[in-house]
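Trainee: I'm new to this one and would like a close look at a single part. Could you walk me through the sheet and what surrounds it?

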There are 2 protein chains.
Amino acid sequence: MTNQRPDRSATTACPLCATPGGDVLYEDDLCQVVLVTDQEGKAFPGFCRVISKQHVREMSDLPVAGQRHILDVVLATERAVRQVQQPDKMNLASLGNVVPHVHWHVVPRWEDDSHFPGPIWASPQRVAGARVHADRERLRKALQEALNSVSE
Amino acid sequence: MTNQRPDRSATTACPLCATPGGDVLYEDDLCQVVLVTDQEGKAFPGFCRVISKQHVREMSDLPVAGQRHILDVVLATERAVRQVQQPDKMNLASLGNVVPHVHWHVVPRWEDDSHFPGPIWASPQRVAGARVHADRERLRKALQEALNSVSE
């Protein structure tokens, strides 16, 4: 796996410095938005991650402009996922206990999903209702529109 | 359910419209910061919640200025909790599946806490190491300083 680093602080031990871990929907100098495509992405179609390009543990380790930019992208991603996936609820989280490199989980939730109303990290509560995969191109387009509206 | 109390969007059925659910460390027109004092607050001393005063389900339901302000307060809270509690990691999350009224969990984590490295909503992994309660006045002061630095 090739590291892309203009990114002076990347570490070879960090999986988020090594690979985005999904389909890249959007990328700029400070972050990437990735559509999660593993089992979690199938369970919560439209699940995206917004990943800082700088390898820092906490949001408050980033410069203020970088924090704001990443949060703008997180909320643009929320809007895009809501528009395309029409979930019952959105969940946003920056945890990073296992991989301490700032990344946000942007997760659409449905009342009949496997864990609702629990967090997706709690015990499952049921077999999830059927749900089709997210349409990557529709999400990419909606995200670009949401990001354009931020910068206007 | 009766809508429309002084806070035009509050609902009597919503516990976060009815009570802050902890010690209020800070309050302004748009949000409150509350020190969690129940069992979770004892397990993760310094655990704060940042609660929107407007009763909306999602961050992207708020006006952009309100979103930014709440995120500024969330990150000021993160800085204050890091300074006073010296955790190993911070967790930030806006879930709201049970109480769909925008509120952020700002949670200090330690490698020997009950759930680390899992999210606090997953199954516990151990009996937590001993940890003293958070000092409310130190947190309040650190939060005020962090908020002042945002507005400078």
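Mentor: Here is a tour of the sheet, then of some charged pairs in and around it. Keep in mind that this is a predicted model.

Let's start with how the two chains relate. Turn chain A by 180°, with 0.0 Å of shift along the axis, and chain A lands on chain B with an RMSD of 0.0 Å. The two copies are thus related as by a two-fold rotation axis. Both use the same surface, too: 100% of the contact residues of chain A recur in chain B.

Now the sheet itself. It's an open one with ten strands, and the order is β1(A)-β2(A)-β3(A)-β5(A)-β4(A)-β4(B)-β5(B)-β3(B)-β2(B)-β1(B), with antiparallel pairing. At the edges you'll find β1 (23–27) of chain A and β1 (23–27) of chain B; each has a single partner strand, so one side of each is left without a neighbour in the sheet. On average, neighbouring strands are turned by 20° against each other, if you ignore direction.

Zoom in on the edge in chain A. Four bridges hold β1(A) to β2 (residues 31–35) of chain A, and these two strands run antiparallel. One pairing to look for: Asp23(A) has Leu35(A) in β2(A) as its bridge partner. Helix α4 (residues 136–151) of chain A packs on the sheet here, touching β1 and β2 of chain A, and its direction makes about 15° with that of β1(A).

That helix has a charged pair of its own: Lys141(A) and Glu145(A) form a salt bridge, 3.5 Å from N to O. They sit four residues apart in α4 of chain A, so about one helical turn separates them. Lys141(A) is exposed, at 57% relative accessible area, while Glu145(A) is partly exposed at 41%.

Over in chain B, the edge strand joins in as well. Glu27(B) makes a salt bridge with Lys53(B), and their closest N and O atoms are 2.7 Å apart. Since Glu27(B) lies in strand β1 of chain B and Lys53(B) in the loop between β3 (48–52) and α3 of chain B, the pair ties together parts that are 26 residues apart in sequence. Both ends are partly exposed: Glu27(B) has a relative accessible area of 44%, and Lys53(B) has 26%.

Finally, back to Asp23(A). Salt bridges with shared partners link Asp23(A), Arg136(A), Glu137(A) and Arg140(A) into one network. Over all chains, the count of salt bridges comes to 22.

Conventions. Residues numbered from 1 in each chain as written. Chains lettered and ligands numbered in written order. Predicted model: local features only at pLDDT ≥ 70, side-chain atom pairs only at ≥ 80, totals over all residues. Heavy atoms only, no water. Least-squares fit on C-alpha atoms with pLDDT ≥ 70 in both. Contact = heavy atoms within 4.5 Å. Pairing = 2+ DSSP bridges. Axes fitted to C-alpha atoms, helices over the stretch in contact; angles between N-to-C directions. Salt bridge = Lys/Arg side-chain N within 4 Å of Asp/Glu carboxyl O. Buried < 20%, exposed > 50% of the residue type's maximum accessible area, 1.4 Å probe, protein only.
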